[in-house]
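Work through the exercises below with the structure open beside you, and try each task before you read its solution.

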Amino acid sequence: MKDHVLVFVLGAAAWAVPLFAQTSPLPLPPAVEKDLAARASDVTEVTLNKNMLGFASKFMNGKDKDEAATQQLIQGLDGIYVRSYEFDKEGQYSMDEIEKLRQYFETSEWSPIVRTREHGEITDVMVKLVNGESHGMFILSAERKELTIVLILGPIRMEQLSELRGIGGLGGALGSMGGAQHGPHGKNKDKDKTGDNDHDKNKDNNQDQSKDTKDGGQ
Amino acid sequence: MKRLWLIPVVCVVLVIPAAVVLASSGEGAFDGVVGSIESKYHVRATRIPFMGLVSLISHKATYGGVSGMHVAEIENFQTQVDGEELNRMVEQKLGAGWARMIRETSRNGKEQTLIFVHPEGNRMGMFIVDKDGNEMDVVQISVDPDHLNQSIGQYEHSHHDGDKQGDDSE
């Protein structure tokens, strides 16, 4: 009888551990997130997991062609996470922190496709490639007094980003993407101004980008 | 035979409280959050009377789209609110089943928005805490997107029809 109780307790514990182990859904170092939030004057966090996206998609009119496409896109996604920090004054975050955030995604799965550094403003876009298909997107947009991080998990292409503008917090962040909506295999050289060797990872996608190097990835 | 009229009366008397009780299920978490806010920030929340009945009516009016409504309003909220602390308190009172969907916080504490959701089968429970200036609203509702979309769609169609008619008349 005791054994049964023990098995039950262990089973329950094994089931409960993942529930309690849930930390920030955004796969960033929690310390970085906390630090930035503590220094920011305004913080916006949007966390939409698969369940919530499914729920949101039900509000779309499946009969409307555009909305049906968005609905289909959202239903296929695993999550959308947005973190936006606004600061009172400049210099509230360091380039080291930006690098740390970027490095977090510099794994073999993630490939940088856009990197711009202009007048103190930074935009980084990385895609997660699985069997040559985009299964996630990380967007980091840093302005002098504002920092926005967007993580989209699930199958998505650059040209579909505009369809997500209606989702809370994404409009502004995706706005910074501007004309860079040509996809990892596309003609994104207008926006890609990266100068370091990160693009070695996805040479096949970005062979023409090295020609457009401007500022040497400061 | 004369007392047959008693049957519908008794039914109504029995059904209404049952419906009100059902509509006010989930009140525990709501009262827990409101109570914590009241004691932490020394404020007094105004609860709307007969909310269970209002909830029942909204359930009928939206064809089941919205139900389980709870609303509390706190006026003259002068105390500064630490966003992190408020979030922790609400999270703790709601329990593990609720996930935070949106959090908006300003350091000066004047604006705070928290939206939590909780899947309930085909429905989604929503818990909203919103502080704007000296006013805070706490709202809990249960939403059925399919039914709500349907009832919203009705108005959209009639609105478009109205537009068309207006265009025709021009």
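**Exercise 1.** In this predicted model, find how many bridges join strand E1 of chain B to strand E2 of chain B, and in which direction the two strands run.

*Solution.* Begin with E2(B), which covers residues 66-74, and look for its links to E1(B): there are 3 bridges, and the two strands run antiparallel. As a check on a single position, take B:Ala45, which stands opposite B:Ile74 in E2(B).

**Exercise 2.** Determine which strands helix H3 of chain A touches where it packs on the sheet, and then do the same for helix H3 of chain B.

*Solution.* Helix H3 of chain A, residues 50-57, touches E1 (42-49) and E2 (79-86) of chain A, and also E3 (99-106), E4 (111-120) and E5 (123-132) of chain B. Its direction makes about 85° with that of E1(A). Helix H3 of chain B, residues 51-61, touches E1 and E2 of chain B, and its direction makes about 140° with that of E2(B).

**Exercise 3.** Write down the order of the strands in the open sheet, and explain why one side of each edge strand is left without a neighbour.

*Solution.* The sheet has 12 strands with antiparallel pairing, in the order E3(A)-E4(A)-E5(A)-E6(A)-E2(A)-E1(A)-E3(B)-E4(B)-E5(B)-E6(B)-E2(B)-E1(B). At the edges stand E3 (110-118) of chain A and E1 (45-47) of chain B, and because each has a single partner strand, one side of each has no neighbour in the sheet. From one strand to the next, the twist averages 10°.

How values were computed: Residues are numbered from 1 along each chain as its sequence is written. Chains are lettered from A and ligands numbered from 1 in the order in which they are written. This is a predicted model: local features need pLDDT of at least 70, side-chain atom pairs count only at pLDDT 80 or more; totals for chains, interfaces and linings use all residues. Two strands pair if DSSP finds at least two bridges between them. Helices (H or I, at least four residues) and strands (E, at least two) are DSSP runs, numbered from the N terminus. Axes are lines fitted to C-alpha atoms, for helices over the stretch in contact, and angles run from 0 to 180 degrees between N-to-C directions. Two residues are in contact if their C-beta atoms, placed from the backbone, lie within 7 Å.
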